Amino acid sequence: MKAIVDRKKCTVCGVCTDVCPMGAISLKETEIEISDDCSLCGMCVDTCEFGALSLPQVGTGPAADIAAYSGVWVFAEWRSGTIHKVSHELLSAGRVLANKRGVPLAAVLLGHRLDDAISEELISYGADVVYVVDHPELAGFRDDTYANILVELIRRKRPEILLAGATSIGRSFIPRVAASVRTGLTADCTDLDISEDGLLLQTRPAFGGNVMATIVCPNSRPQMATVRPKVMKPVPVPGHKGSVELVTAPEEWLRSRVEVLEVIPEADKTAKLTEADVIVSGGRGLRKPENFKLLEDLAGLLNGAVGASRGAVEEGWIAPSHQVGQTGRTVAPILYMAVGLAGAIQHVVGMQGSRIIVAVNRDPQAPIFDVASFGVVADLFEFVPEFIKRIRTERGESS
Ligand SMILES: Cc1cc2nc3c(=O)[nH]c(=O)nc-3n(C[C@H](O)[C@H](O)[C@H](O)COP(=O)(O)OP(=O)(O)OC[C@H]3O[C@@H](n4cnc5c(N)ncnc54)[C@H](O)[C@@H]3O)c2cc1C
C-alpha cells in the first residue's frame with residue numbers, strides 16, 4: 001500500500017520528492033511516481049499545497065462501520081491447563097476501560113478440555129462474558145489456527161477494543177489478527193486509557209525509551225494493543241457475575257499449515273524470572289561470567305531469580321532470557337536488587353514496577369540510584385559476599 005496521487009491536481013512541482021524521508025517519490029517528465037518504499041508516513045500529503053496526495057483508507061471502513069463495534073475483549077491465554085497471569089492483569093485493565101465506555105468486558109478463551117472453573121476464574125477478574133472455543137485442535141498453540149478463530153470472532157461480534165499479553169504467544173499471532181482485520185496494533189503498551197471522545201489511548205515507550213508515545217487508532221476497529229506481563233495490576237472483582245458462551249468452530253477455522261512436532265517447556269530459570277518475588281540482577285560491573293555465581297548464591301538464599309542488564313548479556317556473560325528491560329523482560333517483583341548495573345532508561349522501564357529496589361553500585365552518580373528505594377554505594381565484590389555471609393549468620397547457617 002502506498003500514497004495515492006490525484007493526477008488531475010498534481011502540478012509535478014517536485015516538493016513531495018524533497019520531503020519524502022523514504023526517497024519513495026520520483027519525478028518523471030509529466031508525473032510523479034511513488035515506489036513500494038512508501039511507508040505511508042503522510043509527510044507528502046501534509047506538504048502538497050494542491051491537495052494532490054492522499055493516504056489510502058485502511059481498516060474496517062467508514063465511521064458508520066466503526067460505530068457498529070462495541071465492547072472490550074481480552075484474549076485469555078491458556079497454556080497446559082492454566083490461565084497466564086497476564087490475562088488476569090488485562091481483565092483488570094479491561095474492566096476499567098469497559099466501565100469508562102459503558103460496554104461489556106469479554107474474555108476469549110481458546111483451548112481444549114476447558115472446564116467451567118477456568119471461565120469462572122476469568123469472570124472473577126471482571127469478565128461479563130467468556131467466549132469459549134474448545135476443540136482438540138486447540139490443545140496446543142498454533143499461530144495460524146488461533147489467528148483464524150480470533151479473526152472470525154471479531155468479524156462476527158465486532159469488539160471495539162482487543163487486548164492481549166505481549167507474551168511469546170501473543171507476540172506471534174496477534175499481529176496476524178490485526179493485519180487480517182486491517183486494523184492497527186500497538187505493541188508493548190505500558191498504560192491504557194480512554195479519551196474524551198472514546199478512543200483507546202495506548203501508551204508505550206518510544207525512541208529507545210526516551211519518550212512515552214500515546215497512540216490512537218481512530219479509523220479502524222478493533223483498537224488492538226498488547227501489554228507486557230506484570231505491567232498492569234491484577235484486581236479480582238469479588239462476587240462478579242458473568243456468562244459463558246460456547247462457540248463451535250467450523251472446520252475451516254481450524255485448518256493449519258503448522259505441524260507441532262514437539263512442545264519443549266520454557267526453561268525453568270526464564271519462567272522464574274517473570275514470576276519471581278525476588279530478582280537479583282547483574283550488569284557489566286560483574287566483569288566476567290563466573291562472577292554471576294555470586295548473584296546466583298544470593299538469589300538462591302532469597303528464593304529468587306537472577307536477572308541481567310543488556311550490557312551483561314551483550315558481553316555473553318549470561319543468556320538473553322535473563323535480560324530485564326525494554327528489549328528484555330518486564331518484571332515487578334517485591335524485591336529487585338540491581339548489582340553493578342548503571343540503570344539506563346532501557347533497563348529501568350523493565351523493572352520500575354518493582355515494590356522495593358535496592359541498588360548496589362560503586363558510583364554514587366549512577367542513574368539507578370534515582371529509582372532505588374535503598375542505595376548501597378560500595379564495591380559489589382565486597383558488599384555481596386558480606387551480605388550473603390550476614391544472611392547466613394542471621395539464619396544460623398554455616399557459611
Ligand atoms: C534500543 C535499545 C534497547 C535497550 N534495551 C535494553 C534492555 O532491555 N535492558 C538493558 O539493561 N539495557 C538495554 N539497553 C542498553 C542500555 O542502554 C545500557 O547500555 C545497558 O543497560 C548498560 O548495561 P550495564 O548497566 O550493565 O552496563 P554499564 O553502563 O557499563 O554500567 C555498569 C555499572 O556497574 C558499576 N560498577 C562497575 N564495577 C562495579 C563494582 N565493582 N561494584 C559496584 N558497581 C560497579 C558502574 O559504576 C556502572 O554503573 C538498550 C539500549 C538500546 C539502544
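How much space lies in the largest cavity? I began with that, bearing in mind that this is a predicted model. I read off about 80 Å³ for the largest cavity. I then noted that 13 residues line the largest cavity, and that Cys20, Ile25, Cys38, Cys41 and Cys44 are the closest to its centre. I sorted this lining by class and got 11 nonpolar residues, 2 polar ones and no charged ones.

Next entry: the cavity count. I found 2 cavities of 30 Å³ or more. I put the second largest cavity at about 50 Å³. I listed its lining as His84, Lys85, Val86, Glu89, Pro229, Lys230, Thr274 and Glu275. I looked for the elements that give two or more residues to this lining and found helix 4 (85–101) and helix 9 (268–275). Which helix gives the most to the lining of the second largest cavity? I have helix 4 down for that, with 3 residues. I counted 4 charged residues in the lining of the second largest cavity, beside 2 nonpolar and 2 polar.

Next entry: the ligand. I counted 26 residues around the ligand and noted that Arg284, Ser309, Thr327, Ala342 and Asn361 come nearest. I split the residues of this shell by class into 13 polar, 7 nonpolar and 6 charged.

I then went through polar contacts to oxygen atoms of the ligand. I found an N or O atom in the side chain of Ser309 at 2.5 Å from a ligand oxygen. For Gly340, I found that a backbone N or O atom lies 3.0 Å from an oxygen atom of the ligand. For Gly311, I again found a backbone N or O atom, here 3.5 Å from a ligand oxygen. I also looked up how far the ligand is covered: on its own it has 990 Å² of accessible area, and the protein covers 77% of that.

Next entry: the space that holds the ligand. Which pocket is the space taken by the ligand? I identified this space as the second largest pocket. I noted that helix 11 (310–314), helix 12 (345–348) and helix 14 (380–394) are the elements that give two or more residues to the shell around the ligand.

I put the volume of the second largest pocket at about 490 Å³. I counted 26 residues in its lining, and the closest to its centre are Arg284, Ser309, Gly340, Leu341 and Ala342. I checked which elements give two or more residues to this pocket lining and wrote down helix 11, helix 12, strand 20 (356–361) and helix 14. I sorted the pocket lining into 8 nonpolar, 13 polar and 5 charged residues. I marked Ser309 twice, as one of the residues that come nearest to the ligand and as one of those closest to the pocket centre. I marked Arg284 and Ala342 likewise, on the ligand list and on the pocket list.

Last entry: the backbone. Is the peptide bond from Arg221 to Pro222 cis or trans? I recorded it as cis, with omega near -5°. I located Pro222 in the loop between strand 14 (211–215) and strand 15 (223–227).

I also looked up Arg113, where phi is near 55°, a positive value in a residue other than glycine. I placed Arg113 in the loop between strand 8 (105–111) and helix 5 (116–124).

Notes
Residues numbered from 1 in each chain as written. Predicted model: local features only at pLDDT ≥ 70, side-chain atom pairs only at ≥ 80, totals over all residues. Heavy atoms only, no water. Near = heavy atom within 4 Å. Polar contact = N/O pair within 3.5 Å; in protein donor to acceptor, adjacent residues only side chain to side chain. Areas by Shrake-Rupley, 256 points an atom, 1.4 Å probe, with all protein chains shown as cover. 1 Å grid on protein atoms, 1.4 Å probe; cavity = no way out; pocket = protein on both sides within 12 Å on 5 of 7 lines; lining within 4 Å. Sits in = over half its atoms within 2 Å of the grid points. Helix = DSSP H or I, 4+ residues; strand = E, 2+ residues; numbered from the N terminus. Nonpolar A, V, L, I, M, F, W, Y, C, P; charged D, E, K, R; others polar. Points joined across faces, edges and corners; volume = space filled by probe spheres on them.
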